[in-house]
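Biologist: I'm new to this one, so could you pick a single part and walk me through it slowly? I'd like the metal site, please, and then whatever else helps me find my way around.

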Amino acid sequence: MYYLGIDLGGMSIKAGICDDNGKILCKDTCVTVRNEDGDRIINDMANLCLKVISDAGLTVNDIEYAGIASPGSADSEKGVIIYAATLPFLNYNIAEKLSERTGIKKIYVENDANAAAKGEATYGAAKGYKDSLFVTIGTGVGGGIIIDGKIYTGFNFSGAELGHMVIVKDGDECPCGRKGCMESYASASGLIKLTKKRMEENKDSIMWKLCNGDINNVNGKTAFDAQREGDACGIAVVKEYIEYLACGIVNFINIFQPEVLSIGGGICKEGETLLAPIREIVKREQYSRHSDKQTIIKTAELGNDAGIIGAASLGK
Ligand SMILES: [Zn+2]
């Protein structure tokens, strides 16, 4: 059977056809163009879906179901996007609209990080495990909770916002309205903010050279690159950043004790440089450190296609 996965983002819409092994046979993308009632998005999404189905040499009847991974919160039972800051949809039945436009009968809708967690549990880093967590590190910190193979969303579909756990009381302001959320410190944006702050205090750091003397060129790799060069300030920034990230991760593990916790997003390209110190902190601090069963902490496996593959796994 074939499954259509749709990754609906504020900037672009991606769609792909997956087989039973979560392999993408064919995919395409278009720009997200917002008009007031969102009709333009539905039309463009429907055309994109029909195009990838046709490009794969299939018809709508060959598609078992479609899944939509959306930002914000989504009522997965009704197929409704409840709210998404980057999209013009409010309590909007996107499943029904897309079904009318494409003829695909079964359409699932889910928050994008939850869908990616399901994708990792079905085809990726947590395949074969019943309980897993997925943490994605980008401009924010997103999360997904899989319990007994199913996405856990809470009764109002707004659960699993792992990044909005406070790790520094009265800390930096977060767009969610709280102060000191993990997202403010452990996201790529948090890392960039920390790197810039420490650079201002350390004018002799090699990081100035790495960004050609312009602090606006700092990115999520700058401190890690400086660490590899043996730069004391770079080493200190990476250590401090990882301590924030690990603080959140120990909290998650203490609550859920998942079999696998996978970390996605651009920063996971650092691999063991990132994971080894996190494992050390978890080993030292987690509540269940004396158990012979320990959470496996690893990088996520679906990469840039996590949205499409996650969406295509929603009916699994
Ligand atoms: Zn927050």
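Modeller: Here is the metal site, followed by a pocket and a few single residues. First, a word on the ground rules: this is a predicted model, where local features need pLDDT of at least 70 and side-chain atom pairs count only at pLDDT 80 or more, while totals for chains, interfaces and linings use all residues. Residues are numbered from 1 along each chain as its sequence is written, and side-chain values use heavy atoms, with hydrogens and water left out.

Now the zinc ion. His 164 (ND1), Cys 174 (SG), Cys 176 (SG) and Cys 181 (SG) coordinate the zinc ion at 2.1 to 2.3 Å. Donors here are N, O and S atoms within 2.8 Å of the metal (3.2 Å for Na, K and Ca), and water is not among the atoms, so sites may look incomplete. Along the chain, the donors follow the spacing H-x9-C-x1-C-x4-C. The arrangement is tetrahedral because the four donor atoms subtend angles of 103 to 119° (for four donors, that label asks for all angles between 85 and 135 degrees). Two of these cysteines make a nice pair to look at: Cys 181 is buried, with a relative accessible area of 0%, whereas Cys 176 is partly exposed at 40%. Buried means under 20% relative accessible area, exposed over 50%, and partly exposed in between, using a 1.4 Å probe and protein chains only.

Two residues with positive phi are worth a peek too. Phe 157 has phi near 65° and sits in the loop between β11 and α4 (182–186); Phe 157 is buried, at 13%. Helices (H or I, at least four residues) and strands (E, at least two) are DSSP runs, numbered from the N terminus. Asn 212, with a phi of about 50°, is in the loop between α6 (206–210) and α7 (222–228), and Asn 212 counts as exposed at 69%.

Last stop, Glu 259. You'll find Glu 259 in the loop between α8 (232–256) and β12 (260–264), partly exposed at 34% relative accessibility. Not counting residues up to four places away in sequence, Glu 259 touches Tyr 129, Lys 130, Asp 131, Gln 294, Thr 295 and Ile 296, where a contact means heavy atoms within 4.5 Å. Take Lys 130: Glu 259 and Lys 130 are 129 residues apart in sequence, yet 7.5 Å apart in space, C-alpha to C-alpha.

As for the pocket, β8 (107–111) and β11 (150–151) each supply at least two residues of the lining of the second largest pocket.

Note on methods:
Tetrahedral: all angles 85-135°; square planar, octahedral: opposite > 155°, others 65-115°.
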